[in-house]
Amino acid sequence: MSVDYISSIIKPMLEGAQVTILLFLIVIAASIPLGFLLSLAVKSSVKPVAWLAQIYVYLMRGTPLLLQLLFICFGLPMIPVIGDYLILDRFVAACLGFVLNYAAYFAEIFRGGLLAIDKGQYEASQVLGLNKWQTTTRIILPQMFRIALPAVANESVTLVKDTALLYAVAVPELLHFAQTAVNRDFTIVPFLIAGIIYLIITLVLSMLFKWLEQRFKF
């Protein structure tokens, strides 16, 4: 395969990769804080709040992300009376679906991090005269994030690969341009290039999280 051909297909694929990276950044920035709030809601002493949070996490983790994306993109506009007000831009709808889904997974990761902290940490904080806010922000949260970091890293790598689902809701991203080139030119080279781009993105992400793990290791 000629260099000219590779040059001709790699530009649109890199444009698709920009959409992939943009979606990833938006989802990470929104789903991690939302997931943390959900983890606190699940542990809430207010039973209705805890039950609602648990039901939400169960629904989001128990149904396919693709189904959720299709429902938000194509199902919401079909709801009687209010459907016309729920028509969203495809990329916005995809971002919403990804955020809602990944927030549930991050909630479970953070809940696991909180459960892994010894109860003696709370007692020791009281002995030191720290109030609840100081205990949470200075003692509990740093340890929780350190414990949860490897799982967050794995979930983030999975997110990069899941962005390929944008193709199913007609958002032109990396895989979309690769598939278009394959169908047009009857060659698997675009798939190979797409795979290399995904590997580069996940490699950079993995290196970043490795650095963070070393940075916060204690």
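The legends below describe the whole predicted model and then several close-up views of it.

Residues are numbered from 1 along each chain as its sequence is written. In this predicted model, local features need pLDDT of at least 70 and side-chain atom pairs count only at pLDDT 80 or more, while totals for chains, interfaces and linings use all residues; side-chain values use heavy atoms, with hydrogens and water left out.

**Figure 1. Overview of the protein, with eight helices and zero strands.**
Helices (H or I, at least four residues) and strands (E, at least two) are DSSP runs, numbered from the N terminus. From that terminus on, the elements run α-α-α-α-α-α-α-α. Taken along the principal axes, the box filled by the C-alpha atoms is roughly 70 × 50 × 20 Å. The protein has 218 residues, of which 39% are buried (buried means under 20% relative accessible area, exposed over 50%, and partly exposed in between, with a 1.4 Å probe and protein chains only). Of the contacts with a separation of 6 or more, 77% join residues 24 or more positions apart (contact means heavy atoms within 4.5 Å).

**Figure 2. Confidence of the model, by pLDDT.**
The pLDDT is the predictor's confidence in each residue, from 0 to 100. Its mean over the protein is 88, and 99% of the residues reach 70 or more. Among the elements, helix 2 (residues 47-62) has the highest mean pLDDT, 94. The lowest mean, 71, belongs to helix 5 (residues 120-127).

**Figure 3. Close-up of helix 3 and helix 4 where their axes cross.**
Two packed helices are described by the angle between their axes and the distance between the axes. Axes are lines fitted to C-alpha atoms, for helices over the stretch in contact, and angles run from 0 to 180 degrees between N-to-C directions. The axes of helix 3 (residues 65-75) and helix 4 (residues 90-115) come within 9 Å and cross at roughly 140°. Helix 3 is therefore oblique to helix 4 (angles under 35 degrees count as roughly parallel, over 145 as roughly antiparallel, 65 to 115 as roughly perpendicular and the rest as oblique). The crossing of these two helices is right-handed (a crossing is left-handed if the near helix is turned anticlockwise from the far one by less than a right angle, and right-handed if clockwise). On the side of helix 3, the contact is made by Leu65, Gln68, Leu69, Ile72, Cys73 and Phe74. Helix 4 contributes residues including Arg90, Ala93, Leu96, Phe98, Asn101 and Tyr102. By class, the contact of helix 3 with helix 4 has eleven nonpolar, three polar and one charged residues (Ala, Val, Leu, Ile, Met, Phe, Trp, Tyr, Cys and Pro count as nonpolar, Asp, Glu, Lys and Arg as charged, and the others, Gly among them, as polar).

**Figure 4. Close-up of Asn101 in helix 4.**
Asn101 is buried, with a relative accessible area of 3%. Not counting residues up to four places away in sequence, Asn101 touches Met60, Thr63, Leu65 and Gln68. Leu65 and Gln68 belong to helix 3 and take part in its contact with helix 4.

**Figure 5. Close-up of helix 4 and helix 6 where their axes cross.**
The axes of helix 4 and helix 6 (residues 132-162) come within 8 Å and cross at roughly 145°. This crossing is right-handed. Residues of helix 4 in the contact include Phe98, Tyr102, Tyr105, Phe106 and Ile109. From helix 6, those in the contact include Ile140, Met144, Ala148, Val152 and Asp162. The residues of the contact divide into 15 nonpolar, three polar and two charged.

**Figure 6. Close-up of Phe209 and Arg215 in helix 8.**
Phe209 is buried, at a relative accessible area of 11%. Leaving aside neighbours within four places in sequence, Phe209 is in contact with Leu149, Val152, Ala153 and Ser156. The C-alpha atoms of Phe209 and Leu149 are separated by 7.8 Å, although the two residues are 60 residues apart along the chain. Arg215 counts as exposed, at 53% relative accessibility. Between the C-alpha atoms of Arg215 and Arg146, 69 residues apart along the chain, the separation is 9.7 Å.

**Figure 7. Close-up of Val81 and Phe186, residues with a positive phi.**
Val81 lies in the loop between helix 3 and helix 4. Its phi is about 75°, although Val81 is not a glycine. Val81 is exposed, with a relative accessible area of 76%. Phe186 lies in the loop between helix 7 (174-185) and helix 8 (189-215). The phi of Phe186, which is not a glycine, is about 55°. Phe186 is exposed, with a relative accessible area of 76%.
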